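Me: I'd like a close look at one part of this protein, the place where two helices pack against each other. Take your time and walk me through it.
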Amino acid sequence: MNRPSEKNDRPQPLVKIVIVEDETWIRENLVREINSSPGFRCLNHYRTAEEALQGIPADVPDVVLMDINLPGMDGVECVRRLRANFPELRFLMLTVYEESEKIFKSLLAGANGYMLKRTSTPNLLEAIRQTHSGGAPMSSSIARKVVAYFNEMGKAQSSTVALSPRELQVLELLANGAAYKHIADELSLSIETIRMNVKHIYAKLHVHSRGEAAAKYLQQSQFRHSENG
């Protein structure tokens, strides 16, 4: 008779955690739940991003649980700054929000995962373990929003690719708020030619105003940044 495998009996490595959360009751509850769970330890906790930036370098955690909406500097900027100096750190965003733009900005800043604060303790601990192991855990509702957001950005990128080099120049100047006369002077073209270019841009992008055209241009810029990031 074969002996049962002991693989599952091996203790998992201790995951050291720091929490950045401004709500006292949420912060204290997280500390309590983490420290009462085998294989996890909360090294420290902070109320603001500014405090975290000062303290985390000395804490040397494996995973940082980061709230997005903090007083003063927000969690996205805090992650960006910590990631620049400590690229080995892993970040799991915790928030009550499911806004696509906030999710996207967090991921661009270097967040590894994104969970809702209402996540149950067992699922949150599993997400922390996954983050520590190199995974990218997300609540299912957030994962759907991420996919939808990147799909929309892909559509915006595809539509702007259809523009000619000259039209892209005009669109960039439009997005930056330039008047037709300024665009004409900048590109050494007549105002009538600029008007014709703008008409073609609107038709190709399926928009009806400068604001909508600028939004498409900015979405394309974000898409390129995420690809090169």
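In which hand, left or right, does H2 pass H3 in their crossing?

Reply: Keep in mind that this is a predicted model. H2 passes H3 in a right-handed crossing. To find the pair, look for H2 at residues 49-59 and H3 at residues 75-85. In general, two packed helices are described by the angle between their axes and the distance between the axes. Here the axes come within 10 Å and cross at roughly 20 degrees. Angles under 35 degrees count as roughly parallel, so H2 is roughly parallel to H3.

Now for the side of each helix that does the touching. From H2 you get Ala49, Ala52, Leu53 and Ile56, and they meet Cys78, Arg81 and Leu82 in H3. Sorted by class, the residues of this contact are 6 nonpolar and 1 charged, with no polar ones. The charged one is Arg81, on the H3 side.

While you have the model open, have a look at the largest pocket too. About 250 Å³ of space lies in it, and 15 residues line it. Nearest the centre of that pocket are Ile26, Asn29, Leu30, Lys117 and Thr119. Helix H1 (24-35) and helix H5 (121-132) are the elements that give two or more residues to the lining. H1 gives the most, with 6 residues. By class, the pocket lining has 9 nonpolar, 4 polar and 2 charged residues.

Notes. Residues numbered from 1 in each chain as written. Predicted model: local features only at pLDDT ≥ 70, side-chain atom pairs only at ≥ 80, totals over all residues. Heavy atoms only, no water. 1 Å grid on protein atoms, 1.4 Å probe; cavity = no way out; pocket = protein on both sides within 12 Å on 5 of 7 lines; lining within 4 Å. Points joined across faces, edges and corners; volume = space filled by probe spheres on them. Helix = DSSP H or I, 4+ residues; strand = E, 2+ residues; numbered from the N terminus. Axes fitted to C-alpha atoms, helices over the stretch in contact; angles between N-to-C directions. Parallel < 35°, antiparallel > 145°, perpendicular 65-115°, else oblique. Left-handed = near helix turned anticlockwise from the far one by under 90°. Contact = heavy atoms within 4.5 Å.
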